[in-house]
Each structure stands twice: as C-alpha cells, then as structure tokens.
Amino acid sequence: MRAIEPWVEAPLDAFLRESSARIVLLMTSSGQVVAQHGFTRSLDVMAAAALGAGIIASTAEIARVMSLPTLGNVVHQGAGLSVLLAPFSMPAGTWVALVVFGPETTVGLVQLFCAGLAADLTAAAPQPRPAAPILAEQFEDELNASLRTLFGR
Amino acid sequence: MPLVNFTAREITCKLVYYGPGRSGKTTNLQYIHGRVPESKRGRMVSLATHGDRTLFFDFLPLDLGTISGFTTRFQLYTVPGQVYYAATRRLVLQGADGVVMVADSQARRFDENLESLRDLQDNLIDQGVDIRTFPLVFQYNKQDLPPELILSPEALDESLNFRGVPSLPADALRGTGVFETLRSATALVLQRLAQRSGS
C-alpha cells in the first residue's frame, strides 16, 4: 500500500482486510492519486485515476443534465473481476474510491465496507495545516535542468 | 490546487491543453510521449472517436524529477476541441493548475480560436477560478504553414493574448515549440504554488 498521507493508511488497511478487495485506488475528484494498494507500476496508477475520475465526473454531469438526483456508485461487473467506483465527501472535497474485487466477495459487501471507509477517513482527516513554503525561490534552475534531461536537449 | 505530499515530498500538478478542434493539442502530448524516456512518463491514454478526434481527453503523466527537494509530477490532459463537446471539456478542466491554450495560427481558424478562448474563460469563471492570476500560456501552433495562410505570433498576441501571458510559436508535428511551451507552463504553475504556499 502507498498513501499520500499516513492517516489514510489505517482506514484503508481495515477496508482491505474486511472487503477482500484486490486493488484499491483513492483519488480526488480531479484524478489526483491519494492512496493505492495492488498496483505494480506507479505511473499506471495515474492513468487509472484519471479514467476513474472521468467516469465519476461524467456520471454526475449526466445526472445534472437530466435533472436527476445525484447518482451514486458505479459498478462494472466482469466475468472474473469487477470494478466499483464510489464517490464520497471528505472535508477537503470529493474523493473517489476505485475498487477491484473478485468472486470471493460481493458487490454489496464491498459497497458496505466502502461506506465504512468513507466514514473512517472523514473521522481520521486532520485539520487543514497552515501554509508553509514549499518550493525554494530559485526552483526554476532545477526545473529547467529536469526538462532538459527529459527532452535530451 | 496541486496535490502536495509532505511525507513523501511529492508534488502533483494538473496541466490542461485547451484550444479549438484540430489545433494540435493531442499532437503536443504525442510528441512529448515520443521524446521523453519511458522511465519518466506513464502510459498515454487517449479516449478518441473512430476518426481519431479526442472524445473525452488524452492523458499523459510526466515525472519531472526532483525540484526543491520534491519529486514533481505533472499530469498532462487535453480537452476535446469541437464545440459539440462543451460538457466534457468542463469536466476535464476541473481541478486544473494551469492551461496551455493551443491556438491554430491559420487565419481561417481565427474565429474558432476566439470562441475557444471565451469558452475557457467562461468555464474557469464558472469554477470560481481567478482568471487574472491563473497560470496560462499561449501556443501559436502551425507556424510552419505558408505565411499567406497564417497569422504571425505578434498578430495573434494582439488579438488573443489580452493578459500578456507567455506565448510561443510552434510546429507541434515536428516538435518546434513543444518543449518551450511545456517549460513555460510548468514554471508558471510552480511559481504560483511557491507564491501561494509562502504567503
């Protein structure tokens, strides 16, 4: 498991244990990865997060366009593995859980434990911290060096 | 807002390539994807129509290495340019930390550039973004076409670049200006992050 902030780890660990999910990805509504378990290549996680956030965003927009109440979770049932996409509210905005699970569990149980995960994360979320300097004033030299390396020029 | 992980010292930013249909947004990402070593980029995801026009978005995660002690990643997105896809364009723009406005330099496409720019401004305002301070870079693409068919960067600046933000001529198909545009946009996004976090 890899989490952006340590306080995410305990609720996610409990969810993995209880739900028997195989892969879990937590992301913000704009597709930024918050935590993941089960992915083998970090950059592919970002692609999955972008696509998952896109599905949830378009589902919410369909509801808005059709004047429907907010639509909930999205489930794709596969022959072996299935995928649940579950948006939930956090103090800092909407997060989305992408959960891949197999026949050893059920969509109902995964959704139930996913609701518990959302509640546990909300309870564990720390107060917003005061702003602190992140980047040094002269970061542009390092940025230019990185880009030159990337493009080989 | 960029996602900053203080524990692992990582920064992740979202950069969106905007502009009218067929202006070269996807071409920018394809060029970057082709030039950057595999270890520094993820898989490029393209949700396109059968005609290879962007349907939802293109996505390319890029690892910029360590900057000020933070591992810095940029997630590059394109929006579908056609007017028809206004709804999906709004979705992709959500949470953007910066925008590259890819304008088509052809004189006959000028109105479409203007319409796309208005659409961008409307969407940013709808999302509560202060467009006066939002990181924005213009790329005037297709400057390789015959001079009689295109507008000069100066003429495009005068007509489109009201804020006087950085603007760069480009030929995205051959890569001219692609690197410079990315450098300019990433610098603006990180400058804003530095200003916001330090204030």
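This is a short dialogue on reading a predicted two-chain model, feature by feature.

Visitor: Let's begin with the sheet in chain A. In what order do its strands come, and how do they pair?
Guide: Strands of a sheet pair through backbone hydrogen bonds, either parallel or antiparallel. Here, six strands form an open sheet in chain A, ordered 1-3-2-6-5-4, with antiparallel pairing. Strand 1 (2-3) and strand 4 (74-76) of chain A are the edges, each pairing on one side only.

Visitor: Can we zoom in on one pair? How many bridges join strand 2 of chain A to strand 3 of chain A?
Guide: Four bridges join strand 2 (residues 23-28) of chain A to strand 3 (residues 33-37) of chain A, and the two run antiparallel. To find the register, look for A:Leu25, which stands opposite A:Gln36 in strand 3 of chain A.

Visitor: Which helices lie across those strands?
Guide: Helix 1 (residues 9-19) of chain A lies across strands 1, 2, 3 and 6 of chain A, at about 145 degrees to strand 2 of chain A. Helix 3 (residues 107-124) of chain A lies across strands 4, 5 and 6 of chain A, running at about 25 degrees to strand 5 of chain A.

Visitor: Take A:Phe15 in helix 1 of chain A. Why does A:Phe15 count as buried or exposed?
Guide: In soluble globular proteins, nonpolar side chains tend to be buried together. A:Phe15 counts as buried because 23 other C-beta atoms lie within 10 Å, and the cut-off for buried is 20 or more. Leaving out residues up to four places away in sequence, A:Phe15 touches A:Val24, A:Phe113 and A:Leu117. The C-alpha atoms of A:Phe15 and A:Leu117 are separated by 6.1 Å, though the two residues are 102 apart along the chain.

Visitor: Over to chain B. How do I read the faces of strand 6 of chain B?
Guide: In a regular strand the side chains alternate between the two faces of the sheet. In strand 6 of chain B, B:Gly98, B:Val100, B:Val102 and B:Asp104 point one way, while B:Val99, B:Met101 and B:Ala103 point the other way. Seven of the seven residues in this strand (residues 98-104) are buried.

Visitor: What does strand 6 of chain B pair with?
Guide: Strand 2 of chain B pairs with it in the parallel sense over four bridges, with B:Tyr18 matched to B:Met101. Six bridges join strand 6 of chain B to strand 7 (residues 136-141) of chain B, also parallel, and there B:Asp104 has B:Asn141 as its bridge partner. Put helix 3 (residues 110-126) of chain B together with strands 6 and 7 of chain B and you get a right-handed β-α-β unit.

Visitor: Which residues touch the most other members of the largest nonpolar core?
Guide: That core has 93 residues, and A:Leu26, B:Val16 and B:Met101 touch the most other members. Beyond its neighbours within four places in sequence, B:Val16 is in contact with B:Tyr77, B:Val79, B:Val92, B:Leu93, B:Ala96 and B:Val99. Of these contacts, B:Val92 and B:Leu93 are among the buried residues of helix 2 (residues 86-93) of chain B.

Visitor: Last stop, the contact between the chains. How many residues does each chain give?
Guide: Chain B gives 39 residues and chain A gives 35. On the chain B side, helix 5 of chain B gives the most, with ten residues. That side divides into 19 nonpolar, 14 polar and six charged residues.

Methods: Residues are numbered from 1 along each chain as its sequence is written. Chains are lettered from A and ligands numbered from 1 in the order in which they are written. This is a predicted model: local features need pLDDT of at least 70, side-chain atom pairs count only at pLDDT 80 or more; totals for chains, interfaces and linings use all residues. A residue is buried if 20 or more other C-beta atoms lie within 10 Å of its own, exposed if 12 or fewer, and partly exposed in between; C-beta atoms are placed from the backbone. Two residues are in contact if their C-beta atoms, placed from the backbone, lie within 7 Å. Ala, Val, Leu, Ile, Met, Phe, Trp, Tyr, Cys and Pro count as nonpolar, Asp, Glu, Lys and Arg as charged, and the others, Gly among them, as polar. Two strands pair if DSSP finds at least two bridges between them. Axes are lines fitted to C-alpha atoms, for helices over the stretch in contact, and angles run from 0 to 180 degrees between N-to-C directions. A nonpolar core is a set of buried Ala, Val, Leu, Ile, Met, Phe, Trp, Tyr and Cys residues joined through C-beta atoms within 7 Å. A crossover is right-handed if, with the strands pointing away from the viewer, the path from the first strand over the helix to the second runs clockwise.
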